[in-house]
Amino acid sequence: MIYTVTFNPALDYVIAVDHFAQGKVNRTVKEDIFCGGKGINVSVLLANLGVESTALGFVAGFTGKEIERGLKAFGISSDFIHVKSGMSRINVKLKSEEETEINGMGPDIRPEDVEALFEKLNRLGSGDVLVLSGSIPAAVGNDIYRRIMEQLKDRVCIAVDAERDLLTEVLPLKPFLIKPNNHELGQIFGKELKTEKEIIDGAMSLKDRGAVNVLVSMAKDGAILVDENGKVHRLGVCRGTVKNSVGAGDSMVAGFLAGYLKTGDYDYALRLGTASGGATAFSDGMGSRKMIMELFAQLTENGGK
C-alpha cells in the first residue's frame, strides 16, 4: 500500500478573474474547489491511475470534514488525525494575468496529535511505500521527516519531496526517491544551476549523500533521473498548453512511483512520471488517466522532444 502524508491539507478555492484589479470589486468567471496539499495531490493522481493509496495527516473543523468527504467521493481512503483546535486551511488561488495565492494557517497541532500520527505510521510494514511531501507547520517541528524516517527506514520504502533542510537532513537515511526541481536543487548548493551538467552533478552529489534515486524536474526542459545504479536518464517534455502550475511536481512523484512499482523499470517510471506531471500542467486540476496515457504514448514515440 502507498501512504501519503500531508501535514497541512487544505481546500483549494481556485478562482479566475479576467482582469484582476487590486483595491476594487472583482467578479470571478470560473470557480473550483479541490482538496489540496502535496500528499493529497499524490493520492489523487494515483487514484486517477487506478493505484490505491491511503492519505494521512491532520484535519480539523468543518473544512477538515469536507477534505475527508471529498477524498472519499474520489475513492481515496484516508486515516487523518482529527485536531481539536482550529480548522483545516482554505487556500485561495487567483488566476488572472498573474497567479496569486493566499494560503490559510491551518489547525493548532498538539504534541499528542503528532504522537497519534506516529502510532499510525508504526503499523506500516514491508512492501509499503510512504510519501512525505510539502512544508511543515511550525507546531510539528522541522525534524519531523527525519524522525519518521528513523522510525520506519528499515521496513518502508520512502519518497521525499521537500525543500532545502527538510530534504538534506534525511539524505543519510537513504530515501528511495527525492524529487527536487532544478531551482530547489540549486538552492541546496547556494547557486543557480545553469547547465545540464551542473544539474546532473548536483543530483549525483545528493545521491552520494544517501538518496537512492534523484529525480529532478525542470519544467519546460523536461526531467533528469539519476537512478540507484548511478545511471543518468534524460527525458524531454510533453507537448501541450500549460494551464496550471499546481500539483505538477506531485503528479510526477505519483506517476514515477506507480510506474516503478508496476514494472521495476526506471525508464518506464520516468516516462509515466513525466506524462503525469504534464497531464496536470495541461489541466485545470489533476491530470486524468486518459490524458496521462496519451502523453505517455507521445513520450514513448518521440522521447518527449
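1. Arg-164 lies in helix 5, which covers residues 164–168. The model is a predicted one. Arg-164 has a positive phi of about 45°, although it is not a glycine. Most residues other than glycine have a negative phi. Arg-164 is partly exposed, with a relative accessible area of 45%. Please look at this backbone angle in the viewer.

2. Lys-174 belongs with that point. Its phi is positive too, about 60°, and Lys-174 is not a glycine. Lys-174 sits in the loop between helix 5 and strand 11 (177–178). Its relative accessibility is 57%, so Lys-174 counts as exposed, the cut-off for that class being over 50%.

3. Helix 1 comes next. Helix 1 spans residues 38–48, and nine of its eleven residues are buried, so it is largely enclosed by the rest of the structure. The buried residues are Gly-39, Ile-40, Asn-41, Val-42, Ser-43, Val-44, Leu-45, Leu-46 and Asn-48. Gly-50 follows helix 1 and has a positive phi, near 80°.

4. Asp-250 touches helix 1. Where is Asp-250 found? Asp-250 is in helix 8. It is buried, with a relative accessible area of 4%. Leaving out residues up to four places away in sequence, Asp-250 touches Lys-38, Asn-41, Val-42 and Asp-161. Of these, Asn-41 and Val-42 are among the buried residues of helix 1.

5. Ser-53 also touches helix 1. Ser-53 lies in strand 4, residues 53–59. Its relative accessible area is 5%, so Ser-53 is buried. Beyond four places in sequence, Ser-53 touches Met-1, Ile-2, Ser-43, Leu-46, Ile-76 and Ser-77. Ser-43 and Leu-46 are among the buried residues of helix 1. The side chains of Ser-53 and Ser-43 are joined by a polar contact of 2.9 Å. A distance to check: Ser-53 and Ser-78 are 25 residues apart in sequence and 8.4 Å apart in space, C-alpha to C-alpha.

6. Now the helix 8 and helix 9 pair. Helix 8 runs over residues 248–263 and helix 9 over residues 266–281. They pack at an angle of about 150°, with their axes 7 Å apart. That makes helix 8 roughly antiparallel to helix 9, since angles over 145 degrees fall in that class. Their crossing is right-handed. By class, the contact has eleven nonpolar, nine polar and one charged residues.

7. Which residues of helix 8 meet helix 9? From helix 8 they are Ala-248, Ser-251, Met-252, Gly-255, Phe-256, Ala-258, Gly-259, Tyr-260, Lys-262 and Thr-263. Their partners in helix 9 are Tyr-266, Tyr-268, Ala-269, Leu-270, Leu-272, Gly-273, Thr-274, Ser-276, Gly-277, Thr-280 and Ala-281.

8. Ala-248 is a member of helix 8. Not counting residues up to four places away in sequence, Ala-248 touches Gly-277, Thr-280 and Ala-281. These three are among the helix 9 residues of the contact. For a longer span, take Ala-248 and Phe-20: 228 residues apart in sequence and 25 Å apart in space, C-alpha to C-alpha.

9. His-233 is found in strand 14, residues 232–235. Is His-233 buried or exposed? At 5% relative accessibility, His-233 counts as buried. Its side chain makes a polar contact of 2.7 Å with the side chain of Asp-267. Setting aside residues up to four places away in sequence, His-233 touches Ala-223, Ile-224, Leu-225, Asp-227, Tyr-266, Asp-267 and Leu-270. Tyr-266 and Leu-270 are also among the helix 9 residues that meet helix 8.

10. The last pair is helix 3 and helix 4. At what angle do the axes of helix 3 (residues 111–121) and helix 4 (residues 144–152) cross? They cross at roughly 30° and come within 11 Å. The crossing of helix 3 and helix 4 is right-handed. Helix 3 brings Val-114, Phe-118 and Leu-121 to the contact. Helix 4 brings Ile-144, Arg-147, Ile-148, Gln-151 and Leu-152. By class, the residues of this contact are six nonpolar, one polar and one charged.

Key:
Residues are numbered from 1 along each chain as its sequence is written. This is a predicted model: local features need pLDDT of at least 70, side-chain atom pairs count only at pLDDT 80 or more; totals for chains, interfaces and linings use all residues. Side-chain values use heavy atoms; hydrogens and water are left out. Axes are lines fitted to C-alpha atoms, for helices over the stretch in contact, and angles run from 0 to 180 degrees between N-to-C directions. Helices (H or I, at least four residues) and strands (E, at least two) are DSSP runs, numbered from the N terminus. Angles under 35 degrees count as roughly parallel, over 145 as roughly antiparallel, 65 to 115 as roughly perpendicular and the rest as oblique. A crossing is left-handed if the near helix is turned anticlockwise from the far one by less than a right angle, and right-handed if clockwise. Contact means heavy atoms within 4.5 Å. Ala, Val, Leu, Ile, Met, Phe, Trp, Tyr, Cys and Pro count as nonpolar, Asp, Glu, Lys and Arg as charged, and the others, Gly among them, as polar. Buried means under 20% relative accessible area, exposed over 50%, partly exposed in between (1.4 Å probe, protein chains only). A polar contact is a pair of N or O atoms within 3.5 Å; within protein, one must be able to donate a hydrogen and the other to accept it, and residues adjacent in sequence count only if both atoms are side-chain atoms.
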